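Visitor: Could you take me on a close look at one part of this protein, the enclosed space inside it and whatever surrounds it? I would enjoy one connected walk rather than a list.

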Amino acid sequence: MIDQKLSQISTGGGNNNAGTGISGYDWSNRLICFDGDSLTAGSAGKFSTVTINILGCSEKNIAQGGKAIFPDEAGAACDFRQRVSRIPHNVDLIFICGDFNAAWSVAKTMEDCFATGLDTWAGRWNAGLAAIKKSFPNVPVMLVSPWTTAPSSSKNKHILQYNSQAMLTFARYWGCYFMDFSTETPMQLNFGHAWWSSTGLPNVHNNQRAADLVGMVLADRIKTIPAPEWSATDSVTLDVNTLSVAVGGTGVITPTLTGNYTNAWTSSDNNVACVLGGTVYGMSAGTATITVTDGTHSDTASVEVSTEA
């Protein structure tokens with residue numbers, strides 16, 4: 001049955017609105033950044049690689065197995081900034097698959113989705129998405145709800161009832177594209193259960209045939225998204241050459257530039273200073289170089305982070 005589903009998708013059949021031959025926007029020679037937990041990081045099967053091979057583009061996969069997208073462990077108040085800083089500055093699409101394990105503590109009401117405190121799952125996601133939108137204002141973002149698991153699993157209820165709705169709410173609020181893997185792909189998760197082998201649904205975790213299925217469906221969905229059009233820049237100049245920031249404090253660097261390229265901000269050492277959209281966050285004492293890039297032009301500023309208030 002799995003091979004039959006693969007055959008249906010490759011020829012445009014089935015009920016998944018898939019088929020790699022559909023017309024759409026051209027994503028060849030573009031760069032897609034994939035983020036998520038182990039489901040996106042992949043192992044024996046990686047759906048992101050299948051997707052970019054179909055589209056003829058390249059990928060930067062920053063997903064981390066066993067880690068939430070915007071975690072709640074020690075130091076989480078700045079972790080989302082460091083996570084966003086790993087997105088390449090020349091990215092054309094940012095893909096984020098909701099971390100599966102967060103389904104246990106996901107927002108359970110619409111009101112929960114608008115939480116801002118970093119002590120909540122939704123609050124950390126809102127902070128992370130705000131940082132992405134600030135750092136990459138002209139880059140499309142695609143949010144994806146993860147797959148369902150065994151029908152008897154309590155996580156299954158959380159994903160179907162809460163996670164998918166929460167991710168859709170985030171997408172609408174932050175102006176992102178949305179895809180629900182739990183309903184739009186013929187997938188199930190398997191964490192040591194035997195039940196899935198009798199359902200005819202492939203296990204998406206570490207399975208190449210499952211990765212092929214997801215990759216094909218995702219490629220067709222991305223074809224419905226207009227690829228960003230970048231205009232050339234003449235120059236980019238920062239308003240300061242040096243900046244002093246206290247640990248736990250912030251400072252602002254403002255660029256003067258032309259064109260509509262994403263103002264890509266990077267730090268030479270995110271453990272000392274993180275930068276998001278020109279706002280510099282002091283992380284620990286030391287010196288870091290902040291760089292802004294707009295197209296092919298760039299400028300730098302030196303940041304000194306001290307423990308003094």
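Guide: Happy to: we start at the cavity and then follow the strands and the helix that supply its lining.

Please keep in mind that this is a predicted model. The structure holds 1 cavity of 30 Å³ or more, and about 70 Å³ of space lies in the largest cavity. Rolling a probe the size of a water molecule over the atoms shows where empty space is left.

Who stands around that space? The lining is made up of Val84, Ser85, Ile87, His89, Ser135, Phe136, Ala264, Trp265, Thr266, Val275 and Leu276. Two elements each give two or more residues to this lining, β10 (264-267) and β11 (273-276). Of these, β10 gives the most, with 3 residues. By character, the lining divides into 7 nonpolar residues, 4 polar ones and no charged ones.

Let us follow β11 outward. Strands β11 and β12 run antiparallel and are joined by 4 bridges, with Ala273 standing opposite Gly282 in β12. The hairpin they form has 2 residues between the strands, and Gly277 takes a positive phi near 60 degrees there.

Now for β12 itself, residues 279-282. In a regular strand the side chains alternate between the two faces of the sheet. Here Thr279 and Tyr281 point one way while Val280 and Gly282 point the other way, and all are buried. Strand β12 also pairs with β8 (residues 250-252), in the antiparallel sense over 3 bridges; Tyr281 of β12 is the bridge partner of Thr250.

Back to the other strand of the lining, β10. This strand belongs to an open sheet of 4 strands with mixed pairing, in the order β7-β14-β13-β10. Both β7 (242-246) and β10 stand at the edges with a single partner strand each, so one side of each is left without a neighbour in the sheet. From one strand to the next, the twist averages 25 degrees. At the β7 edge, β7 pairs with β14 (residues 297-306) in the parallel sense over 5 bridges, and Thr242 stands opposite Ser302.

One more stop is Ser135, a lining residue that is also among the buried residues of helix α5. This helix is mostly covered, with 12 of its 15 residues buried; among them are Trp121, Trp125, Leu129 and Ile132. Helix α5 covers residues 121-135, and at 1.5 Å a residue it should span 21 Å; its end C-alpha atoms are 21 Å apart, so the two values agree.

Definitions and conventions
Residues numbered from 1 in each chain as written. Predicted model: local features only at pLDDT ≥ 70, side-chain atom pairs only at ≥ 80, totals over all residues. Heavy atoms only, no water. Expected span 1.5 Å × (residues − 1). Buried < 20%, exposed > 50% of the residue type's maximum accessible area, 1.4 Å probe, protein only. 1 Å grid on protein atoms, 1.4 Å probe; cavity = no way out; pocket = protein on both sides within 12 Å on 5 of 7 lines; lining within 4 Å. Points joined across faces, edges and corners; volume = space filled by probe spheres on them. Nonpolar A, V, L, I, M, F, W, Y, C, P; charged D, E, K, R; others polar. Pairing = 2+ DSSP bridges. Axes fitted to C-alpha atoms, helices over the stretch in contact; angles between N-to-C directions.
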